[in-house]
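Okay, thanks for coming, everyone. I've got one structure to walk through today, so let me put it up on the screen.

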Amino acid sequence: MIYYKVKKEENQIYLIEDKLDKRYTSKTETVFTQCNGYLGVRASYETKMLQESRGMFVTGLYHKAGAHEVSELVNCPDIIEMDICINEEKVNLDTCSLKGFRRSLNVMTGELETIVNCDLEKTKGICIKTRRFASMKNRHLICHMIEVSSEEDIIVHITTGINGQITNSGVTHFDKVEARVFDKKYMHTENSCDDGQVFKVMTVCSSNRDASQEPIFGLKRRSIYGNYEYTSKSNEAFQFFKYSFVDTGTNENIADEETIKQVLGTCEKIGYEELRREHIEAFDKLWNYAKIEIEGATLEEEAEITFAQYHLFGMTPSYTSEYSVAAKGLTGEGYKGHIFWDAEIFIMPFFTSVFPEVARNLLQFRYKGLAGARDKAREYGYEGAMYPWEVAKTGKEETPLYAALNIHTGKAGKVWSGIKEHHVTADIIYALWDYYKMTGDQKFLLDYGYEMLIETAIFWCKRATFIPDKNQYEILDVIGPDEYTEHIDNNAYTNYMAYENVKIAYETISALEQELPKIYMEFAKKYDDLEDKISEWKLFLEKIYLPKANRELVIPQDDSFLSKKLLPNIEKYRNSQVKQSVLLDYSRDEVVNMQVLKQADVVMLLNMMPHLFDEETVKKNVQYYEQRTLHDSSLSYCAHAVACAEIGDIDLAYHFFEKSLEIDLDTNYQDSIDGIHSASLGGIWNCVIRGFAGVKSHMNYVEITPNLPKKWKKLKFYLKVKGQYVRIEINKDKIILKPENDIEQKVSFKINGQVYLLEKELVL
Ligand code: BGC
């Protein structure tokens with residue numbers, strides 16, 4: 001069940017919270033975040049509240065606060081806070097007599113609106129409406145307005161500015177803060193980190209009324225404020241606007257004050273509504289291709305899917321290859337803003353299929369991370385490129401070495417995922433290849449892809465151990481996707497993915513020798529024993545151990561999993577509102593030695609390589625592993641949904657799909673407080689398009705094998721295949737494919753088993 005109400009009006013969809021339940025303050029701050037792929041501002045209320053956790057995050061602004069810390073996404077100064085006094089009485093939602101409270105997020109525009117009706121001790125019948133959005137037209141801009149009306153004439157006093165006292169849960173990243181006012185109206189702070197990074201913000205306020213007096217500016221430590229005072233007649237709405245411009249970088253590549261002043265001056269001139277119109281126009285260009293239309297879906301489903309896509313846009317630095325997508329997007333401090341396999345396996349498919357230029361940027365980010373991956377391989381005694389489990393900006397490993405202290409023992413447990421979770425390297429190559437199949441972008445391969453293939457294949461050959469007795473390669477001592485099992489041998493997911501990684505490298509680089517000998521020679525110069533390496537890859541492919549289904553059709557998750565004992569009373573933990581509650585009753589070592597999964601593991605494998613397994617095997621393994629899975633990671637349900645859709649078990653697929661829809665929106669107020677679940681939101685798109693529509697990329701065609709949920713009558717969406725937008729319409733009895741423009745490059749589709757060349761509209 002979801003906590004928020006849903007409304008659709010004039011084609012706009014809203015998630016609504018219609019009462020102030022303080023238990024949900026932090027959750028809703030996350031879920032209703034204003035984000036545009038460059039910055040994210042949590043949906044904290046303007047006036048300070050007891051439960052709040054304010055935050056603004058800017059993509060790529062990572063900093064390491066000390067020798068014992070890892071780099072983290074910096075929680076930047078706050079520009080949302082406003083101290084509002086009416087007739088000299090402070091508005092405080094924790095203490096005032098609240099008559100009404102309603103806040104809503106328009107999931108198509110990201111605009112947040114809050115309406116508060118309250119009585120203060122002296123002044124009654126006050127209505128405060130606030131709105132704000134992070135612009136898609138100019139991603140550095142946050143536009144904000146408040147409207148105050150009351151039954152009596154009032155004097156409104158607003159104190160607002162830039163609050164630089166924000167920290168990452170107590171850790172401060174800025175070394176130096178300079179604050180000043182330009183032209184008696186533009187408040188400005190420039191914060192610098194000790195590594196040369198700069199964060200600048202300038203803000204300007206205006207109103208639809210003349211101020212009673214000139215604003216009075218003041219400084220507090222690391223902060224700057226303006227005090228504004230206005231008189232407003234009863235029942236006349238008084239409006240106050242605040243426009244803020246945010247930039248980060250180093251002193252060389254950051255906007256200068258004059259330019260920022262001009263932008264803000266224009267904002268003041270054209271006003272909130274016009275800025276909003278421009279923002280929506282920019283956003284609509286994306287929705288034009290992104291919006292999924294489903295006939296037969298409930299309004300709630302439509303809102304949940306659109307919400308997921310709003311955040312996919314909001315979390316992704318689509319315009320650059322300098323950064324990638326964090327596990328919590330730009331909505332919170334969780335996971336320190338680090339980037340995991342979530343980006344390639346869960347989030348990228350949407351971009352690869354609809355906005356491949358964005359996927360290209362995300363992959364190029366990984367290309368830039370090759371240096372960090374090579375360093376990591378060397379550090380562990382391998383060769384080639386071993387991608388880190390968690391990265392921030394530079395591409396080097398950022399996984400903390402130790403988890404939080406155990407308060408009883410005073411000792412911290414080791415975080416093994418940074419040391420042993422190696423599948424991320426193959427995941428990146430899987431995503432790269434998916435991108436290549438969808439786009440045919442040979443240039444990407446030439447510029448970046450071939451090198452990534454070569455380096456990763458070299459790594460896997462070194463990572464695997466040849467076991468002479470068995471005459472096979474094995475991958476020993478790893479962690480697979482299920483992080484409740486550590487130090488295991490031959491994790492099925494890892495072995496198969498490594499195989500796929502080396503296979504792509506082997507086939508592509510061997511073909512290069514025949515098809516583009518000049519390019520091959522360049523690589524042969526760079527890697528002087530390339531031919532030997534290719535032979536090694538061939539041997540690896542012949543000899544790598546790929547766990548097969550046993551007599552009961554169960555694919556062993558790893559060598560020891562099937563011999564472990566079951567977790568007693570597993571339902572208690574599956575039904576618990578508290579995530580990872582099993583770790584409250586059992587030590588990590590005990591959990592590691594039981595048949596209990598944190599998240600999809602073998603099911604992930606079925607999901608990614610469905611062609612390898614027959615229907616019966618998939619069914620058996622989904623059942624077998626699901627019964628042992630706690631879904632303690634948000635990545636789990638969507639994976640189960642896609643695997644079930646693949647084999648046509650639509651009821652079960654739909655059940656898991658519904659669970660994924662609720663991950664950030666459910667009634668559990670403890671969920672999502674430190675940020676949204678980026679991967680799960682990407683997974684929602686995967687469920688609909690890769691799962692129910694059955695879209696799969698192949699080298700020469702895109703396959704569509706739909707299996708729609710019973711209630712859905714029609715599903716419409718766009719795919720971009722080989723540079724060509726194609727509108728897909730899946731009905732119960734026919735499929736219509738319509739290219740958007742004249743076809744320039746051959747595009748083929750395999751529909752329900754048969755391949756068609758798309759030349760004009762196809763009705764099948
Ligand atoms: C999951 C990982 C995931 C990470 C970030 C962990 O809890 O086990 O698979 O990559 O969260 O979302």
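I'll go through the strands, then a helix, then the empty spaces.

Before anything else, keep in mind that this is a predicted model.

Let's start at the N-terminal end. Strand 1, residues 5-9, runs antiparallel to strand 2, residues 12-17, and 5 bridges hold the pairing. If you want one pair to click on, take Lys 5, whose bridge partner in strand 2 is Ile 16. The hairpin has 2 residues between the strands, and Glu 10 there takes a positive phi near 45°.

There's another hairpin further along, made by strand 15 and strand 16, with 3 residues between them. In that turn it's Asp 183 that has the positive phi, about 50°. Strand 15 covers residues 176-182 and strand 16 covers 186-192, and they pair antiparallel over 7 bridges. Phe 182 has Tyr 186 as its bridge partner in strand 16.

Now the sheets. One is an open sheet of 3 strands, in the order 3-4-5, with antiparallel pairing. Strand 3 (34-35) and strand 5 (56-58) sit at the edges with a single partner strand each, so one side of each has no neighbour in the sheet. Strand 4, residues 39-41, makes 3 bridges with strand 5, and Val 41 stands opposite Met 56 there.

The other one I want to show is an open sheet of 5 strands, also antiparallel, and the order is 21-30-31-32-35. Which strands stand at the edges? They're strand 21 (293-295) and strand 35 (762-763); each has a single partner strand, so one side is left without a neighbour in the sheet. Inside that order, strand 30 (714-721) and strand 31 (724-731) are joined by 8 bridges. Val 721 faces Gln 724 of strand 31.

Okay, on to helix 2, residues 257-290. With 34 residues, a straight helix would span 50 Å at 1.5 Å a residue, but this one spans only 36 Å between its end C-alpha atoms. Where does helix 2 bend? Look at Gly 271, where the bend is about 105°. At the start of the helix, a side-chain oxygen of Asp 256 comes to within 3.1 Å of the backbone nitrogen of Glu 258.

Last part: the empty spaces. How many cavities of 30 Å³ or more does the count give? It comes to 1, and the largest cavity holds about 50 Å³ of space. Its lining includes Thr 59, Tyr 62, Leu 73, Met 315 and Leu 330. By type, the lining splits into 7 nonpolar and 4 polar residues, with no charged ones.

Then there's the second largest pocket, at about 860 Å³. It's lined by 38 residues, and the ones nearest its centre are Tyr 430, Lys 437, Met 608, Pro 610 and Lys 696. Several elements give two or more residues to that lining, among them helix 8 (423-439), helix 10 (492-515), helix 20 (678-692) and strand 28 (695-697). Helix 4 gives the most, with 6 residues. Here the breakdown is 21 nonpolar, 7 polar and 10 charged.

If you open the file afterwards, two places to go to are the bend at Gly 271 in helix 2 and the pocket centre around Tyr 430 and Lys 437. That's it from me.

Methods
Residues numbered from 1 in each chain as written. Predicted model: local features only at pLDDT ≥ 70, side-chain atom pairs only at ≥ 80, totals over all residues. Heavy atoms only, no water. 1 Å grid on protein atoms, 1.4 Å probe; cavity = no way out; pocket = protein on both sides within 12 Å on 5 of 7 lines; lining within 4 Å. Points joined across faces, edges and corners; volume = space filled by probe spheres on them. Nonpolar A, V, L, I, M, F, W, Y, C, P; charged D, E, K, R; others polar. Pairing = 2+ DSSP bridges. Helix = DSSP H or I, 4+ residues; strand = E, 2+ residues; numbered from the N terminus. Expected span 1.5 Å × (residues − 1). Bend = angle between axes of the 7 residues up to and from the residue. Polar contact = N/O pair within 3.5 Å; in protein donor to acceptor, adjacent residues only side chain to side chain.
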